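Biologist: Could you take a close look at one part of this model for me, and explain slowly how the residues there pack together?

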Amino acid sequence: MRNIAVVDLGIANVFNVVKAVGGYAVKKPAQLSHAEKIIIPGVGNFSAIMEKLDEFREVITEKIENSTPLLGICLGFQVLFESSEECGNTAKNYGLGIIKGRVKKFKGIRVPHMGWNQIELSGKTALFDGLKTGDYFYFVHSYYVETEETNLISTFTEYGERENGNSYRFASSASKGNVFGVQFHPEKSGENGKKLLENFMRIEASDL
C-alpha cells in the first residue's frame with residue numbers, strides 16, 4: 001500500500017480512486033498527518049462536500065504548506081477555488097480558496113457534461129508528462145471553474161455546440177505549486193487516466 005491518503009467524505013465512492021493509486025481511505029483529519037500525498041475526490045453537491053471537508057481544512061492547509069502533493073478530482077477540483085454559485089451565497093458555498101476563482105454552472109447547453117472529451121495542454125506541468133493535446137478523459141459535471149489566474153491553468157476543454165454559439169472553453173485542470181486539480185475523472189479514463197495518476201504518484205515534494 002502506498003502512502004497516499006484518499007479523503008472519504010461519505011458522499012462519493014472513493015473505492016475506484018483508492019484502487020487506482022494503491023492508497024487508503026481516510027475519514028478523520030488526524031489520519032492525514034503522516035500522508036505523503038493526498039487526493040480529494042468528489043461527486044455531488046459543492047455545499048455538501050464543503051460541510052464535510054471543513055473539519056479537514058486546517059490539516060489540509062498545513063500539509064500544503066509543508067509541500068505535500070495534493071490532487072483534487074472533479075468536485076474535489078472545484079473546492080480548491082474560493083466559492084461556487086451552486087447553492088447561492090451561503091457559508092457552505094465557500095471553498096478552500098487555494099486558487100482564486102469561482103465555480104459556475106453551464107448555461108444554454110445540455111448538462112451534465114458527461115462522457116469522453118479532449119484536453120488542450122496549456123503550459124507545462126509534471127502531472128501531464130507523456131500526455132498531449134487531443135488526449136481523451138472522462139467527464140461528469142454540470143459546473144466549471146472560472147479563474148483570473150490563467151497562468152495556473154494546465155489544460156482547457158471545449159464543450160457545447162460551437163456552430164450555435166453555445167460553447168464553453170473551460171479550465172479542465174490547474175496547478176499551483178504542490179496542489180493539482182482535474183475536472184475529469186482519471187480513475188475512469190483508461191490508459192490516459194492511469195498515466196496521469198502514475199505521474200502524480202511520482203511527484204515528490206522535493207521536485208516542486
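**Helix 2 and the core around it**

Modeller: Leaving aside neighbours within four places in sequence, I60 is in contact (heavy atoms within 4.5 Å) with L32, I40, L53 and L70. This is a predicted model, in which local features need pLDDT of at least 70 and side-chain atom pairs count only at pLDDT 80 or more, while totals for chains, interfaces and linings use all residues. Residues are numbered from 1 along each chain as its sequence is written, and side-chain values use heavy atoms, with hydrogens and water left out.

The largest nonpolar core (a set of buried Ala, Val, Leu, Ile, Met, Phe, Trp, Tyr and Cys residues joined through side-chain atoms within 4.5 Å) has 34 residues, and I60 and L53 are among those that touch the most other members. The largest share of this core, 4 residues, comes from helix 2; helices (H or I, at least four residues) and strands (E, at least two) are DSSP runs, numbered from the N terminus.

In helix 2, the buried residues (under 20% relative accessible area, with a 1.4 Å probe and protein chains only) are F46, S47, I49, M50 and L53. Seen down the helix axis, these buried residues fall within an arc of 165° (taken from the directions from the axis to the C-beta atoms), so they line one face of helix 2. They pack against strand 1, helix 3, helix 4, strand 5 (83-84) and strand 6 (102-105). At the N-terminal end, helix 2 is capped by N45, which has a side-chain oxygen 2.9 Å from the backbone nitrogen of S47.

Terms used
Buried means under 20% relative accessible area, exposed over 50%, partly exposed in between (1.4 Å probe, protein chains only). A polar contact is a pair of N or O atoms within 3.5 Å; within protein, one must be able to donate a hydrogen and the other to accept it, and residues adjacent in sequence count only if both atoms are side-chain atoms.
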